[in-house]
Amino acid sequence: MTDEITLTIDQQSVTVPAGTTILKAAERLGISIPTICYHEACSSNALCRICVVEVEGARTLIPSCVAAVSEGMQVTTNNERVALSRRTILEMLTSAVDLSESPEIQQMMLEYAADADRFPDAERRDPPVYDDNPMYIRDYAKCILCWRCVQVCADDAQYTYAINFSERGYHTQIGTFFDKPMPETTCVFCGQCVGVCPTGALKSKREWLMEHGYTPDEVMDMTRTERRRRRREQSAAPANGGQNDPA
Ligand code: SF4
């Protein structure tokens, strides 16, 4: 196997180490391919398919985040077929999920002239917000199932395995085992899942409470862990248990 591969991307020649993905080879040429589920810190899984490109001789469009380059490959990163595919993916996403806090995806929708009303009868994903811990909320109405949170919770970073896919097909969503509240799982509240979530489906509880109109004092109070709450109550209590309290 040769160590270096030469290929053509958008009619420009580039030489990269064997094993490089098309996405990374394109980056070398300054060509930006749109991505959604892809994240530098996570393993690529080609789930969203927004990064598809056309490879000469291939029957289907190829997800560039996982496909490795090969010698003499000829890649087109954007043409009518690719744009139609990306537009359709965006239209399906927006028909089912709340993308109001996904600025990058909204920008893509403008770029690909995606019609937000293309599938008016699509069932919207609208589960209730999970508010079961002091650190973060889970609003799966905004979840695009990119899998980043599951990956950083597992082998890509934390090795905690508190969350995974649950259910199947249209009802697939991210959840805890047996739908347990987060404090009853292996979650260590590291916050890495919140950090990689591209849509606001996972959000710091303080940020979420501020957005919902709570005062900073209320926010601090509502996000104290039980242990801190108990400590605070103990330190506020009179040393003699209040026995001589005239009130
Ligand atoms: S919660 Fe966020 S990071 Fe996790 S799968 Fe959904 S969109 Fe992706």
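**Exercise 1.** Work out in what order the strands of the five-stranded open sheet are arranged, and which strands lie at its edges.

*Solution.* Five strands make up an open sheet with mixed pairing, and their order is β2-β1-β5-β3-β4, where strands are DSSP runs (E, at least two residues) and helices are DSSP runs (H or I, at least four residues), both numbered from the N terminus. Two strands pair if DSSP finds at least two bridges between them. The edge strands, each pairing on one side only, are β2 (12-17) and β4 (62-63). This is a predicted model, in which local features need pLDDT of at least 70 and side-chain atom pairs count only at pLDDT 80 or more, while totals for chains, interfaces and linings use all residues. Residues are numbered from 1 along each chain as its sequence is written.

**Exercise 2.** Follow the pairings inside this sheet and give the direction of each, with a bridge partner where one is known.

*Solution.* Begin with β1, which runs parallel to β5 (residues 74-76) and is joined to that strand by two bridges; here Thr8 has Gln74 in β5 as its bridge partner. Next, β3 and β5 run antiparallel and are also joined by two bridges, with Val75 in β5 as the bridge partner of Val55. Finally, β3 pairs with β4 in the antiparallel sense over two bridges, and Val52 stands opposite Pro63 in β4. The hairpin of β3 and β4 has six residues between the strands, and Gly57 in the turn has a positive phi of about 95 degrees.

**Exercise 3.** Describe the hairpin of β7 and β8, and decide whether Glu167 is buried or exposed.

*Solution.* Strands β7 (residues 163-166) and β8 (residues 173-176) run antiparallel and are joined by four bridges, and Ser166 has Gln173 in β8 as its bridge partner. Glu167 lies in the loop between these two strands, and its phi is near 65 degrees, a positive value in a residue other than glycine. A residue is buried if 20 or more other C-beta atoms, placed from the backbone, lie within 10 Å of its own, exposed if 12 or fewer, and partly exposed in between. Glu167 has 10 C-beta neighbours inside 10 Å and therefore counts as exposed.

**Exercise 4.** Find which residues have the most contacts inside the largest nonpolar core, and name elements that supply residues to this core.

*Solution.* A nonpolar core is a set of buried Ala, Val, Leu, Ile, Met, Phe, Trp, Tyr and Cys residues joined through C-beta atoms within 7 Å. The largest one has 55 residues, and Ile22, Cys149 and Cys193 have the most contacts inside it. Among the elements that each supply at least two residues of this core are β1 (4-9), α2 (80-96) and α5 (192-196). Leaving aside residues up to four places away in sequence, Cys193 touches Cys149, Val152, Cys153 and Leu202, a contact being two C-beta atoms, placed from the backbone, within 7 Å.

**Exercise 5.** Explain why the protein chain is described as more spread out than a compact globule.

*Solution.* The protein chain has eight helices and nine strands. Its radius of gyration, taken over C-alpha atoms, is 24 Å, well over the 18 Å that the globule rule gives for 247 residues, so the chain is more spread out than a compact globule; the rule is 2.2 Å times the number of residues to the power 0.38. Along the principal axes, the C-alpha atoms fill a box of roughly 90 × 45 × 30 Å.
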